[in-house]
Amino acid sequence: MVKLILLTAILALFSLIALVIVIALYRHKKAAAGEVRLIGELCQVNTNLSPDGTVVARGELWRARSIDGTPIKAPSLARIVGFQDHLLLVRAHD
């Protein structure tokens, strides 16, 4: 009986460790893929970018920076041209 309890506890521990690893890998991949797909998209300027502020891209609020330092007034559109860490780099939409 004790062996069965011990075996069950060990299996539960390994299952929990595997689950944590899978979740960590899934979350990391999702963030990277989402950022790459945003390049070239239009976003709504939420607060004035002078040069930093916020934009809404695909329904999510992001910190953003005007890539050339030119202020972009809210509300207007901007195009996402790149990333710097978790900061969107944007250019005023023509």
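## A tour of two salt bridges and a core

Start by selecting Asp 52, which is partly exposed at a relative accessible area of 37% (buried is under 20%, exposed over 50%, partly exposed in between, with a 1.4 Å probe and protein chains only). This is a predicted model, in which local features need pLDDT of at least 70 and side-chain atom pairs count only at pLDDT 80 or more, while totals for chains, interfaces and linings use all residues. Residues are numbered from 1 along each chain as its sequence is written, and side-chain values use heavy atoms, leaving out hydrogens and water.

Now add Arg 65: its side chain meets that of Asp 52 in a salt bridge, 2.6 Å from N to O (a side-chain nitrogen of Lys or Arg within 4 Å of a carboxyl oxygen of Asp or Glu). This pair links distant parts of the chain, with Asp 52 in strand S2 and Arg 65 in strand S3, 13 residues apart (strands are DSSP runs of E, at least two residues, and helices runs of H or I, at least four, numbered from the N terminus). Arg 65 is partly exposed too, at 26%.

The structure holds two salt bridges. For the other, select Arg 58 and Glu 41, at 2.9 Å from N to O. Arg 58 counts as exposed at 51% relative accessibility, whereas Glu 41, at 29%, is partly exposed.

Finally, pick Val 90. Its contacts (heavy atoms within 4.5 Å), not counting residues up to four places away in sequence, include Cys 43, Leu 49, Arg 65 and Ile 80.
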